[in-house]
Amino acid sequence: MSMVKVPLVTRMSMQFNKRTNSNPICMVKSSEVKLIGKWSSSYTIRVKIALNMKSLEYENIEETLKHKSDLLLHSNPVYARIPVLIHRDRPISESLVIVEYIDETWPTPPSILPSHPYDRALARFWATYIDDKWFPSMKCIFAFEAEEERKPYFEVLEEVLERMEDAFGKCSKGEPFFGGDTIGFIDIAFGSFLGWLSAVEQKFERKLLIEAKFPALVKWAERFAVDPAVKGLIPEADKLVELSKSIKWRAAIEKK
Amino acid sequence: MASNQEEVTLLGVTRSPFVCRVHIALKLKGVEYKYVEESLFNKSDLLLKYNPVHKKVPVFVHNGKPIAESLLIVEYIDQTWTHNPILSSDPYQRALARFWSKFIDDKVVGVTSKAVFTVDEKEREKNTEEVLEALQFLENEIKDNKFFGGEEIGLVDIAAVFIPFWIPMLQEVAGLELLTSHKFPKLYKWSQELINHLVVKESLPPRDHVFAFIKRRYESLFISK
């Protein structure tokens, strides 16, 4: 079973560079690990955190908003979306699948997924829950003009925060992160959205991650943001708010 | 109660393709389990206790610890009872299996339901197109393999049991043409292999029961209209 094989990577990356004028570093050697993504994408950030945790070097290929590169379309013909990890010329898509792949391919500590099957199932459950609830609601909040229309989606975000506050207590077992003493799968899945959470708070002038309501999460978010694997990856709210003006949110809701 | 006794329970509904996945996984591993039929119109306290977030089936309980979401349950089963593996040990093959299983959930199962259970012709058309596109991807992916898992069934085959059993009934009730040997010869051939696999056959619900449910649900849309 295979996905579409990507042609000679060096050739492709040089072609890609001409198109986008970004990332001059990659021209010289064909590195083993490449990541096609966007600085603003929480899904891309997840993969970068995982790569950082494993101290892996990789070639970062930045996609532009307007025009999908040939490399992306070849590597992810099913969804044509980022992130895509290319390892030894083989592409892998879907951020959580990629993070698990990284953890399994480079099993040196720190582990991203817990070792016990039950804890792994729980970690995957919460990560999937975030995927199902968080960003779809956020997209609707940006897409809809009327406050009345946005209201139910704000309620979903509140509900997610409540559940995650509760889940934190159960998963962390007194340690600093969902994953225990180091960041893990749930931390990555959820924490990658902290930039966009701040952007929503800023744009709509409404605090969501309130200390009085979510004391554990507020402290967790602070610790997460300064973790060495995460530092510098979470975009500033200003930049995301600015970017949000040029995104076609309605179209984004249409496709899953 | 003996402390080394495994307590394995599956909460489900007979007609659900998601519950069927878990039956297949458990039977593949030869695990003894208790099955509890739930009513989704009158959810039991047990279901609400074990799956407070989604309140859906299947819910799998192992020694008092609950897990929800069918694909997560199947992976858990695979990791807990390690003989007759459902997933490869190779990380790349595992990533592919997870990718395609999720694809089946996102692009086949949900979208087929939307195509069938609607009175809006435009919705029907749009979703039918999407399902056909998705089936084409799977047609390209199966190639000449017996199963997506190779010689034996794997995660993707288990995830895709919806295709050979539920799709033919749904398309019949709604008068749609989705899975045909003409359009998707390789996928169709795979679907027959899967349906006739010993363990899968044992795990499928009674056809009449499922068909009657689908028909009732479909017809009820037009009655209210």
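# Close-up views of a predicted two-chain model

**View 1. With a relative accessibility of 15%, Ala80(A) counts as buried.** The coordinates are those of a predicted model. Ala80(A) belongs to the loop that runs between α3 and β3 of chain A. Although Ala80(A) is not a glycine, its phi is positive, near 50°. Most residues other than glycine have a negative phi. The loop between α3 (70–75) and β3 (84–87) of chain A also holds Pro83(A). Ile82(A) and Pro83(A) are joined by a cis peptide bond, with omega at about 0°.

**View 2. Arg88(A) is a non-glycine residue with a positive phi, about 50°.** The residue is placed in the loop between β3 and β4 (90–93) of chain A. Is Arg88(A) buried or exposed? Its relative accessibility is 56%, so Arg88(A) counts as exposed, because the exposed class begins over 50%.

**View 3. In chain B, a cis peptide bond connects Val57(B) to Pro58(B).** The omega angle of this bond is about 0°. Pro58(B) sits in the loop between α2 and β3 (59–62) of chain B. Most peptide bonds are trans.

**View 4. A salt bridge pairs the side chains of Asp131(A) and Arg46(A).** The N to O distance is 2.9 Å. Asp131(A) comes from helix α5 (residues 117–143) and Arg46(A) from helix α2 (residues 42–53) of chain A, so the contact ties together parts that are 85 residues apart in sequence. Both Asp131(A) and Arg46(A) are buried. Side chains of opposite charge can pair when their charged atoms come close. Over all chains, the search of the whole structure returns 29 salt bridges.

**View 5. Glu75(B) and Arg124(A) form a salt bridge, with 3.4 Å between the closest N and O atoms.** This pair crosses between chains: Glu75(B) is in helix α3 (residues 70–80) of chain B, and Arg124(A) is in helix α5 of chain A. How do the two partners rank in accessibility? Glu75(B) has a relative accessibility of 6% and therefore counts as buried. Arg124(A), at 4%, likewise counts as buried. Glu75(B) and Arg124(A) are also members of a network of salt bridges that includes Glu100(A), Glu104(A), Arg94(B) and Arg98(B).

**View 6. Within chain B, the side chains of Lys102(B) and Asp106(B) meet in a salt bridge of 3.1 Å, N to O.** Lys102(B) and Asp106(B) are four residues apart in helix α4 (residues 91–116) of chain B, which means that about one helical turn separates them. Lys102(B) has a relative accessible area of 28% and is therefore partly exposed. Asp106(B) has a relative accessible area of 18%, so Asp106(B) is buried; the buried class ends at 20%.

**View 7. A patch of positive charge on the surface brings together Lys133(A), Lys43(B), Lys55(B) and Lys56(B).** One of these residues, Lys43(B), is located in the loop between β2 (34–37) and α2 (45–50) of chain B. Because its relative accessibility is 30%, Lys43(B) counts as partly exposed.

**View 8. Thr9(B) lies in strand β1 (residues 8–12) of chain B and is compared with two other positions.** At a relative accessibility of 16%, Thr9(B) counts as buried. Tyr33(B) is 24 residues away from Thr9(B) along the chain, and their C-alpha atoms are separated by 5.5 Å. Lys189(B) is 180 residues from Thr9(B) in sequence, with a C-alpha to C-alpha distance of 34 Å. Lys189(B) is part of helix α8 (residues 185–196) of chain B, and its relative accessibility of 57% makes it count as exposed.

**View 9. Annotated spans of both chains are taken from UniProt records.** For chain B, the unreviewed entry lists "domain: GST N-terminal" at residues 6–85. This span of chain B is 36% helix and 21% strand, and its end C-alpha atoms lie 20 Å apart. The annotation "domain: GST C-terminal" is listed by UniProt (unreviewed entry) for residues 90–222 of chain B. Residues 90–222 of chain B are 75% helix and 0% strand, with 49 Å between the end C-alpha atoms. In chain A, UniProt (unreviewed entry) gives "domain: GST C-terminal" for residues 116–247. Helix makes up 68% and strand 0% of residues 116–247 of chain A, whose end C-alpha atoms are 41 Å apart.

Conventions: Residues numbered from 1 in each chain as written. Chains lettered and ligands numbered in written order. Predicted model: local features only at pLDDT ≥ 70, side-chain atom pairs only at ≥ 80, totals over all residues. Heavy atoms only, no water. Patch = residues over 30% accessible without salt bridge, like charges linked within 9 Å, V, L, I, M, F, W, Y side chains within 5 Å. Areas by Shrake-Rupley, 256 points an atom, 1.4 Å probe, with all protein chains shown as cover. Salt bridge = Lys/Arg side-chain N within 4 Å of Asp/Glu carboxyl O. Lys, Arg positive; Asp, Glu negative; His and termini not counted. Charge placed at Lys NZ, Arg CZ, Asp CG, Glu CD. Buried < 20%, exposed > 50% of the residue type's maximum accessible area, 1.4 Å probe, protein only. UniProt positions renumbered as here; feature names shortened; annotations may be inferred.
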